[in-house]
Amino acid sequence: MLSFVINSIDAAKFASVSRWIERAVAGAPHEIVGIHDARSMCDGYRRGLARSVGDPVVFCHDDIELLMPDLPARLARHLERFDVFAPVGTRKLVSMNWMDAGAEHLYGAMTGPVPGGDLGTGLSTGFFGGATRDVDGIVALEGIFIVARRDAAVALGWDAETFDGWHGYDTDFSFRAHLAGWRLGVALDLAIVHYSGGSYDANYMRAMARFDAKHAGKLASFRTGVNLVTHIPMPDRDAVRAFFDHGDLAYWHRESRLRIDQARLARTAPGVRPPAGPLRGADAEGAKASAGLVAQPPTRNGPCPCGSGLRYKACHGGVAAAMRR
């Protein structure tokens, strides 16, 4: 049986996510354990785990939609390879903020309202990276939807003493799983829409300090400072489902890494800013490219790194020449 553990003080949100779960499991055995008086994320998850009986256990937020109709089968497939997994994670961890090591270490995807907008302006899938439907080598996970084998969840537990608020619970749980030798991964076939963002307030900073103290000597040290996400416009939920079911992940992975390389070059070397326009691989909805630098290839006759298919001298090389005049 599949168990869902959810902290929620909002009856409407809990009812909504419960309906989405019912659709996603399509009649498979499951339980939904709601904790409605949690003093912290870890407190609620600890009590919810103790009350649950299923295996695996999903620890998830209450403000999400699950768009896949065969969730148990997808989770079972990933559990053949991983003990703990989520839709987004990192292969390098330097702090409680799993994004801090730099974008080139991040993998996964998550959909939400268009950045800076709301649901009325459409949806956007934030693509972090990953050329396949599952990615290994992960050391920490983002906490919107964490799936764990029951034995792993029980062995690890949730540190409600150190993390007595609403931050750090996910990074601590998943990083400890990595340190203990459990197999962590990112799953890129979980079509989930999440409707809230993070809060970087004083409580967040307090949790970060506690995380740093707890894991001193175990974290990586170097961070690139390049933290960008490739946002892919999604006109509706059907488009989200299509992307997570059969989108060209290899193509978008190359796109994301090219943009990261451009941003890194912008910090260290002269270059040419690409003209505004659709990203390579964008569909009719026209995903837009963010500012970044296009580096010169080894020869002027080489293909332009922007992906246009033209030679550098006929594309951004010409822009560079015009800028020097």
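In this predicted model, Asp10 caps the N-terminal end of helix α1, with a side-chain oxygen 3.0 Å from the backbone nitrogen of Ala12. Helix α1 covers residues 11-25, which is 15 residues. At 1.5 Å a residue, these should span 21 Å, and the end C-alpha atoms are 21 Å apart, which agrees.

Which residues of α1 are buried? They are Phe14, Val17, Ser18, Trp20, Ile21, Ala24 and Val25. Seen down the axis of α1, these buried residues fall within an arc of 165°, so they line one face of the helix. The face turned away from that buried side carries exposed residues, namely Ala11, Ala12 and Arg23. Ala12 therefore appears twice in this description: its backbone nitrogen is the partner of Asp10 in the cap, and Ala12 itself is listed as exposed.

The cover over the buried residues of α1 includes the strands β1 (2-7), β2 (30-35) and β4 (64-66), together with the helices α3 (71-79) and α7. After α1 comes Ala26, whose phi is positive, near 50°.

Helix α7, one of the elements covering α1, runs over residues 237-246. Its buried residues are Ala239, Val240, Phe243 and Phe244. They cover an arc of only 130° around the axis, which puts them on the same side of α7. On the other side, Asp238 and His246 are exposed. At the start of α7, a side-chain oxygen of Asp236 reaches to within 3.2 Å of the backbone nitrogen of Asp238.

The table lists the side-chain distances given for three aspartates.

| Side chain | Partner | Distance |
|---|---|---|
| Asp10 | backbone nitrogen of Ala12 | 3.0 Å |
| Asp236 | backbone nitrogen of Asp238 | within 3.2 Å |
| Asp43 | side chain of Arg39 | 2.9 Å |

Asp43 belongs to helix α2, residues 41-51. Is Asp43 buried or exposed? Its relative accessibility is 8%, so Asp43 counts as buried; the cut-off is under 20%. The side chain of Asp43 makes a polar contact with the side chain of Arg39. Leaving out residues up to four places away in sequence, Asp43 touches Asp37, Ala38 and Ala160.

Ser256 lies in helix α8, residues 249-268. At 2% relative accessibility, Ser256 also counts as buried. Which residues is Ser256 in contact with, leaving aside neighbours within four places in sequence? Its contacts are Phe127, Phe128, Gly129 and Thr230.

How values were computed: Residues numbered from 1 in each chain as written. Predicted model: local features only at pLDDT ≥ 70, side-chain atom pairs only at ≥ 80, totals over all residues. Heavy atoms only, no water. Helix = DSSP H or I, 4+ residues; strand = E, 2+ residues; numbered from the N terminus. Buried < 20%, exposed > 50% of the residue type's maximum accessible area, 1.4 Å probe, protein only. Polar contact = N/O pair within 3.5 Å; in protein donor to acceptor, adjacent residues only side chain to side chain. Contact = heavy atoms within 4.5 Å. Arc of directions from axis to C-beta. Expected span 1.5 Å × (residues − 1).
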